[in-house]
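Trainee: I would like to go through this model with you and ask, for each term we use, what justifies it.

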Amino acid sequence: MSMRMLLPTSFAVCETSGDIPAALPEFESVVTTSAQAARRAEFATGRWCARRALGDLDPAAAHQAVPVGDDRAPVWPPDVVGSITHCTGLRSAVVARRRDVVAVGVDAEPARPLPLDAVEVILRTNERQYAESALSTVVFTVKEALFKAWWPLTRTWLDFQQARVTLGDGTADVDVLTAHPDWPTGRAQVRWSMHDGLIRTAVWIPAEP
Ligand SMILES: CC(C)(COP(=O)(O)OP(=O)(O)OC[C@H]1O[C@@H](n2cnc3c(N)ncnc32)[C@H](O)[C@@H]1OP(=O)(O)O)[C@@H](O)C(=O)NCCC(=O)NCCS
């Protein structure tokens, strides 16, 4: 299982289960010199995945730096959209050309139920049916992936209660319960998987045909 299986062929995907002792371009390492070793390794591996995925889209982009924006979001090349996630046992980056995809977010988490104190903050009433199963964490990952797609388009905060998720079998409907002129309402695609103890989720907006 990989994010590859969740996404259309317009995406390039790179995943690894562990950290790669990859060197960072100076541009990126500057922002992480003060971080803990584990965070530096996670960050470096996410960027390594990002460059591998960029290289699959366009071999000339395989060495491109992906700096950290002031908002902590990755700064992708102008003609590319992308997203990075890391959790125990997985680092993953996905990219696509802006002409094919308007926005994307990916998220991954271990497959276990959300802690009870998180349930109230994250799940809406219709989602509480999942509270005692790992499906509650699937809902969480849909919301986090949604946020990663939402933020670069809108640059506005979105609260967990401002999105309503209805899970299907490896799919989901997500309704953003607040309007924003730069968010294409009703066009978000969602796919998720639960495999070998990991939840992977992708939310993306395809370009209009
Ligand atoms: C930003 C956030 C979504 C990251 O998710 P996470 O589960 O903590 O961590 P992940 O490993 O999955 O993702 C981290 C990566 O997200 C990316 N990221 C960070 N901020 C981002 C943003 N504003 N927009 C897009 N991507 C962002 C970065 O690439 C980061 O990795 P890096 O620092 O190594 O580059 C989360 O910390 C957060 O702030 N959530 C609250 C907002 C939210 O989700 N609302 C729900 C709306 S329904």
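Mentor: Let us begin with Thr-85, bearing in mind that this is a predicted model. Thr-85 has its place in strand S2, which covers residues 80-87.

Trainee: Why is Thr-85 called buried?

Mentor: Buried means under 20% relative accessible area, and Thr-85 has 3% relative accessibility, so Thr-85 counts as buried.

Trainee: Which residues does Thr-85 touch, not counting residues up to four places away in sequence?

Mentor: With those neighbours in sequence left out, Thr-85 touches Met-3, Leu-90, Arg-91, Ser-92, Val-106, Asp-107, Ala-108 and Lys-148; a contact here requires heavy atoms within 4.5 Å.

Trainee: Asp-107 is on that list, and where is Asp-107 found?

Mentor: Asp-107 is found in strand S4, which runs over residues 101-110. Not counting residues up to four places away in sequence, Asp-107 touches Met-3, Thr-85, Thr-141, Glu-144, Ala-145, Lys-148, Ile-199, Arg-200 and Thr-201.

Trainee: What makes Asp-107 count as buried?

Mentor: The cut-off is under 20% relative accessible area, and Asp-107 has 3% relative accessibility, so Asp-107 counts as buried.

Trainee: How do you know whether Ala-108 and Glu-109 are buried or exposed?

Mentor: Both Ala-108 and Glu-109 lie in strand S4, but each must be set against the cut-offs. Ala-108 is at 1% relative accessibility and therefore counts as buried, given that buried means under 20%. Glu-109 has a relative accessible area of 21% and is therefore partly exposed, since that class lies between the 20% limit for buried and the 50% limit for exposed.

Trainee: What do Ala-108 and Glu-109 touch, not counting residues up to four places away in sequence?

Mentor: On that basis, Ala-108 touches Thr-85, Cys-87, Leu-90, Thr-141 and Ile-199, while the contacts of Glu-109 include Cys-87, Thr-137, Phe-140, Thr-141, Glu-144 and Ile-199.

Trainee: Which residues does UniProt list under "binding site"?

Mentor: In the unreviewed UniProt entry, one annotation of that name covers Arg-39, Arg-47, Thr-85, His-86, Asp-107, Glu-144, Lys-148 and Leu-158. These residues are spread over 120 residues of sequence and also in space, reaching up to 25.4 Å between C-alpha atoms. The lining of the largest pocket takes in Arg-39, Arg-47, Thr-85, His-86, Asp-107, Glu-144, Lys-148 and Leu-158 from this set. UniProt also lists Asp-107, Ala-108 and Glu-109 for "binding site" in an unreviewed entry, and of these residues the pocket lining includes Asp-107.

Trainee: Turning to the whole chain, why is its radius of gyration said to agree with that of a compact globule?

Mentor: A compact globule of 209 residues would have a radius of gyration near 17 Å, and the protein chain has 17 Å, so the value agrees. Along its principal axes, the C-alpha trace spans about 45 × 40 × 30 Å.

Trainee: How many helices and strands are there, and how do they follow one another?

Mentor: The protein chain has four helices and eight strands, and from the N terminus on its elements run β-α-α-β-β-β-α-α-β-β-β-β.

Trainee: What can be said about contacts, burial and surface for the chain?

Mentor: Among contacts between residues at least 6 apart in sequence, 55% join residues at least 24 apart. Buried residues make up 47% of the 209 residues, and the accessible surface comes to about 10400 Å², of which 52% belongs to carbon and sulfur atoms.

Definitions and conventions:
Residues numbered from 1 in each chain as written. Predicted model: local features only at pLDDT ≥ 70, side-chain atom pairs only at ≥ 80, totals over all residues. Heavy atoms only, no water. UniProt positions renumbered as here; feature names shortened; annotations may be inferred. 1 Å grid on protein atoms, 1.4 Å probe; cavity = no way out; pocket = protein on both sides within 12 Å on 5 of 7 lines; lining within 4 Å. Helix = DSSP H or I, 4+ residues; strand = E, 2+ residues; numbered from the N terminus. Buried < 20%, exposed > 50% of the residue type's maximum accessible area, 1.4 Å probe, protein only. Rg over C-alpha atoms; globule rule 2.2 N^0.38 Å. Areas by Shrake-Rupley, 256 points an atom, 1.4 Å probe, with all protein chains shown as cover.
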